[in-house]
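Subject: Model handover and findings

Hello,

Here is the model we talked about. Please open it alongside this note, which goes through what turned up.

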Amino acid sequence: MHPTPTTRPRALFAMGRRHRDAMFPPAEIQRLTACVDVDPDHVAEDLTDEPALADVEILITSWGCPVLDEEVLARAPALKAIVHAAGSVKHHVTQACWDRGILVSSAPAANAVPVAEYTVAAILFANKRVLEIGGLYREHRAPLDWSRRFPGFGNYRRTVGVVGASLVGRKVIELLRPYDLDILLADPYVSTLRAAGMGVRRVELDELVSASDVVSLHAPELPETRHLMDARRLGLMRDGATLINTARGSLVDTDALAAEATSGRIQAVIDVTEPEVLPAASPLYSLPNVLLTPHIAGSLGGELHRITSSALDEVERYCAGEPFAHAVHRAALATSA
């Protein structure tokens, strides 16, 4: 707990202007101004010479927030809390923030929901072979013997491998419970007993990849997870299996994936890539067994308001002297996205 402010704390928006406009419509601004002193029309996209920093107690950040380094913090002596209306804080919360003891909150749980929903839809469509059947139907414009072309297709008792028990990974597991699927989990930080409590079976990554009909990536971007799915591991996937990546592009060796997908041996649903936008000549754009989307699994459109609501909940908790419900701790950042 922290002391309840005796007066309304001064707050400042620090994010891209378009994100402020999209995420904080009038009704949300009214909720915010009920507990903090904030200029709703002022958005700090650059904190280099920001005069409002002098008496700001709460920074409300999101995508596009400048880096909060020692130089910025020196001009913000009253800053006590950062409420991030987005997922990861790694891009702007620096060691200087932790050294100052600034409280940090984020909204990855809210952002995890649409990513998990996208993933579950992709899993169900992949096992039903919707991508391939849709393409063939469009090409032939007549019914074909789908069971002969895709023996055993469908979602009954298929095996789904979840790589990483992150917020998104755990949400995917939760959303898959109503279906008749066998779920495997690979995560070095999750014990066999804990996995069983989640209703899944923990296995090593290579076993998961070779045993799954769908492999879905939910691991953080770390040095040790770079190209987690390299040529060798992609080669372990079953013929006709599907790789789904809604996590980070760096988890997959793009060239190796392009080679496997071009052979037609596996399918892929890819929302994040390395580089973020692939070269125009990449075969992943046009292969019939690949669905490539432009990083849309996360919160967009109306889904952004779920994040806004989570952030406003945290501001209200702070103003009431209560601890954050979604506090970020420095130690946890080493193994998070």
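How many cavities of 30 Å³ or more does the structure hold? One. Please keep in mind that this is a predicted model.

The cavity

The volume of the largest cavity is about 50 Å³. Its lining consists of Asn245, Gly249, Val252, Thr254, Leu257, Ile270, Val272, Thr273, Glu274 and Leu284. Sorted by class, that lining has five nonpolar residues, four polar and one charged.

The cores

Leu257 is also part of the largest nonpolar core, which has 30 residues. Together with Met237 and Leu243, Leu257 touches the most other members. At least two residues of this core come from each of strand E6 (181–186), helix H10 (205–211), strand E8 (214–217), helix H12 (254–262) and strand E10 (267–270). H12 gives the most, with four residues.

What does Leu257 contact, leaving aside neighbours within four places in sequence? The partners are Leu234, Leu243, Val252, Ile266, Ala268, Ile270 and Leu284. There is also a second, separate core. That one has 27 residues, including Ile173, Ile183, Leu185 and Ile244.

The second largest pocket

This pocket holds about 210 Å³ of space. Two or more of its lining residues come from each of H5, helix H6 (130–140) and E10. H5 gives the most to the lining, with five residues. The residues that line the pocket are Tyr118, Ala121, Ala122, Phe125, Ala126, Val130, Leu131, Thr242, Gln267, Ala268, Val269 and Leu291. By class, 10 are nonpolar and two are polar, with no charged residues. Ala268 in this lining is also one of the contacts of Leu257.

Helix H5

Why call H5 largely enclosed by the rest of the structure? Because 15 of its 20 residues are buried. The length of H5 agrees with expectation, because 20 residues at 1.5 Å a residue should span 28 Å and the end C-alpha atoms are 28 Å apart. Arg129 follows H5 and has a positive phi, near 60°.

Helix H13

H13 covers residues 304–319, 16 in number. From first C-alpha to last, H13 reaches 23 Å, close to the 22 Å expected at 1.5 Å a residue. Its buried residues are Leu304, Ile307, Thr308, Ser310, Ala311, Leu312, Glu314, Val315, Tyr318 and Cys319. What covers them? The cover includes helix H1 (17–23), helix H2 (26–33), strand E2 (58–61), strand E3 (81–84), strand E4 (103–105) and helix H5 (108–127). So H5 appears here as well, as part of the cover. After H13 comes Gly321, with a positive phi near 75°.

Asp206

Asp206 lies in helix H10. Is Asp206 buried or partly exposed? It counts as partly exposed, because its relative accessibility is 29% and the buried class ends at 20%. Not counting residues up to four places away in sequence, Asp206 touches Arg232, Arg233 and Leu236. Glu45 is 161 residues from Asp206 in sequence, and the two are 44 Å apart in space, C-alpha to C-alpha.

Where to look

Please start with Leu257, which lines the largest cavity and belongs to the largest nonpolar core. Then turn to H5, which lines the second largest pocket with five residues and is among the elements covering the buried residues of H13.

Best wishes

How values were computed:
Residues numbered from 1 in each chain as written. Predicted model: local features only at pLDDT ≥ 70, side-chain atom pairs only at ≥ 80, totals over all residues. Heavy atoms only, no water. Expected span 1.5 Å × (residues − 1). Buried < 20%, exposed > 50% of the residue type's maximum accessible area, 1.4 Å probe, protein only. Contact = heavy atoms within 4.5 Å. 1 Å grid on protein atoms, 1.4 Å probe; cavity = no way out; pocket = protein on both sides within 12 Å on 5 of 7 lines; lining within 4 Å. Points joined across faces, edges and corners; volume = space filled by probe spheres on them. Nonpolar A, V, L, I, M, F, W, Y, C, P; charged D, E, K, R; others polar. Core = buried A, V, L, I, M, F, W, Y, C linked by side-chain atoms within 4.5 Å.
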